[in-house]
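The points below are offered as a colleague's note, to be read alongside the sequence and the coordinates. They move from a single residue outward to the chain as a whole.

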Amino acid sequence: MENKDKNFMLTAIELSINSVKNNRGPFGAVIVKDGEIVSKASNSITLDNDPTAHAEINAIRNACTALKTFDLSGCTIYTSCEPCPMCLGAIYWSRINKIFYANDRTDAKSIGFDYSFIYDELEKPIKKRSVPLVQIMECEAIKAFEIWKQKADKIEY
């Protein structure tokens, strides 16, 4: 790890500390491209009444707006805690190339942020999950996929 990585991580950690001081969750994230911070954010779930407003998600949204793209290839995220499954999925979907994290999921669990149940749920067959997933109207819905497949001018992502 280089000094620049430590400095970017310190920024994410400072965001997490300031977030706690402002009555929000203890998480911060920074996205860097070409050695420059393009986005920084903290957790704003309780502020926004949005359960998806994790620091990483907020940072991704801000970076996409700043860079005017949905593709964050070439970016690195520095996050004060190991990303939860939702954030990890968003990081993969946004094509961020590298993740640095400070606290891990065990540290998060020790203060009441336990997302291990989500990992456990994902391992279960669909019919055994605690939140029922019920597939309906596949024949009607597949039409959108068929149209997408044939669309010549689609923007793939």
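**Note on the predicted model**

1. Ser 42 counts as buried because its relative accessibility is 13%, the cut-off for that class being under 20%. The residue belongs to strand 2, which covers residues 36-42. Beyond neighbours up to four places away in sequence, Ser 42 touches Leu 15, Ser 19, Arg 24, Phe 27, Gly 28, Ala 53, Ala 55 and Asn 58. Please bear in mind throughout that the model is predicted.

2. Thr 76 is a second residue to inspect, and it is found in strand 3. Is Thr 76 buried or exposed? With a relative accessibility of 16%, Thr 76 counts as buried. When neighbours within four places in sequence are left aside, its contacts are Val 30, Ile 31, Val 32, Ile 96, Lys 98 and Phe 100.

3. The largest nonpolar core contains 21 residues, and those that touch the most other members are Ile 31, Ile 60, Leu 72, Ile 77 and Ile 96. Strand 1 (28-33), helix 3, strand 3 and helix 4 each contribute at least two residues to this core. Which element gives the most to this core? Helix 3 does, with six residues.

4. Ile 96 can serve as a point of entry to these contacts. Not counting residues up to four places away in sequence, Ile 96 touches Ile 31, Ile 60, Leu 72, Cys 75, Thr 76, Ile 77 and Ile 91. Apart from the largest core lies another, made up of eight residues that include Ala 12, Leu 15, Val 30 and Phe 100.

5. Helix 4 spans residues 85-94, and within it Pro 85, Cys 87, Ala 90, Ile 91 and Ser 94 are buried. In an α-helix there are 3.6 residues a turn, so residues three or four places apart point the same way. The cover over the buried residues of helix 4 includes helix 3 (55-67), strand 3 (75-81), strand 4 (98-103) and helix 6 (116-123). After helix 4 comes Arg 95, which has a positive phi, near 70 degrees.

6. The largest pocket should also be examined; about 320 Å³ of space lies in it. Its lining comprises 21 residues, of which Phe 27, Asn 43, Ile 45, His 54 and Phe 113 are the closest to the centre. Helix 2 (45-48), helix 3, helix 4 and helix 6 are the elements that give two or more residues to this lining. How many of the lining residues are nonpolar, polar and charged? The lining of the largest pocket has 12 nonpolar, five polar and four charged residues.

7. As to overall architecture, the protein chain has seven helices and four strands. Their order along the sequence is α-β-β-α-α-β-α-β-α-α-α. Taken along the principal axes, the C-alpha atoms fill a box of roughly 50 × 40 × 30 Å.

8. Some totals complete the account. The protein chain has 157 residues, and 32% of them count as buried. Among contacts in the protein chain with a separation of 6 or more, 47% are between residues 24 or more positions apart. The accessible surface of the protein chain comes to about 10,700 Å², and carbon and sulfur atoms account for 56% of that surface.

Terms used. Residues numbered from 1 in each chain as written. Predicted model: local features only at pLDDT ≥ 70, side-chain atom pairs only at ≥ 80, totals over all residues. Heavy atoms only, no water. Buried < 20%, exposed > 50% of the residue type's maximum accessible area, 1.4 Å probe, protein only. Contact = heavy atoms within 4.5 Å. Core = buried A, V, L, I, M, F, W, Y, C linked by side-chain atoms within 4.5 Å. 1 Å grid on protein atoms, 1.4 Å probe; cavity = no way out; pocket = protein on both sides within 12 Å on 5 of 7 lines; lining within 4 Å. Points joined across faces, edges and corners; volume = space filled by probe spheres on them. Nonpolar A, V, L, I, M, F, W, Y, C, P; charged D, E, K, R; others polar. Areas by Shrake-Rupley, 256 points an atom, 1.4 Å probe, with all protein chains shown as cover.
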